[in-house]
Amino acid sequence: MYAIEFEADVKNYSIKIPKEYEELESKHIKIFIVEVQNQTTTLPKGFLEPIQVQSYAQIAKRDDIYER
């Protein structure tokens, strides 16, 4: 047993095996499918519009945040 890897598009519920693997024709094979997605990172809402504060005194002190 050996493994090969290639990318293909699914069309009409079919995957076309590249010519370079023609020895697989009419053979029983096991398929492992991984969907490749276009991953785009979306910035969190408000990222480009940060809050405005008059003074840092309005923000909690470090000791208040990390109270033990």
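Here is a walk through this structure, from its overall outline to a few individual residues.

What you have in front of you is a predicted model, so let us begin with the chain as a whole. A compact globule of 68 residues would have a radius of gyration near 11 Å, whereas this chain has 27 Å. Along the principal axes, the C-alpha atoms fill a box of roughly 75 × 30 × 20 Å. Burial tells its own part of the story: 3% of the 68 residues count as buried. The chain exposes about 8300 Å², and carbon and sulfur atoms supply 52% of that area.

Next, the secondary structure. The chain has one helix and two strands, and if you read along the sequence you meet them in the pattern β-β-α. The strands are β1 (10–11) and β2 (14–15), and the helix is α1 (62–65).

Now pause at the loop between β1 and β2, where you will find N12 and Y13. As a general backdrop, most residues other than glycine have a negative phi. Against that, N12 has a positive phi, near 50°, and Y13 also has a positive value, near 65°. How accessible are these two loop residues? N12 counts as exposed because its relative accessibility is 74%, over the 50% cut-off. Y13 is likewise exposed, with a relative accessibility of 87%.

From here, turn to the aromatic side chains, where the model has one aromatic pair. Its members are F6 and Y21, with 5.7 Å centre to centre and 25° between the planes. The pair counts as stacked because that angle is under 30 degrees. The contact links distant parts of the chain, with the two residues 15 apart: F6 sits in the segment before β1, while Y21 belongs to the loop between β2 and α1. Are the two partners buried or exposed? Y21 is buried, because its relative accessible area of 15% is under the 20% limit. F6, at 31% relative accessibility, counts as partly exposed.

F6 also leads us to our last stop, the largest pocket. The residues nearest the centre of this pocket are I4, E5, F6, I31 and F32, so the phenylalanine of the stacked pair appears here again. In total, 23 residues line the pocket, and its volume is about 1100 Å³. What is the lining made of, by class? It has 16 nonpolar residues, six charged ones and one polar one.

Terms used. Residues numbered from 1 in each chain as written. Predicted model: local features only at pLDDT ≥ 70, side-chain atom pairs only at ≥ 80, totals over all residues. Heavy atoms only, no water. Phe/Tyr/Trp six-rings, centres within 6.5 Å; stacked < 30°, edge-to-face > 60°. Helix = DSSP H or I, 4+ residues; strand = E, 2+ residues; numbered from the N terminus. Buried < 20%, exposed > 50% of the residue type's maximum accessible area, 1.4 Å probe, protein only. 1 Å grid on protein atoms, 1.4 Å probe; cavity = no way out; pocket = protein on both sides within 12 Å on 5 of 7 lines; lining within 4 Å. Points joined across faces, edges and corners; volume = space filled by probe spheres on them. Nonpolar A, V, L, I, M, F, W, Y, C, P; charged D, E, K, R; others polar. Rg over C-alpha atoms; globule rule 2.2 N^0.38 Å. Areas by Shrake-Rupley, 256 points an atom, 1.4 Å probe, with all protein chains shown as cover.
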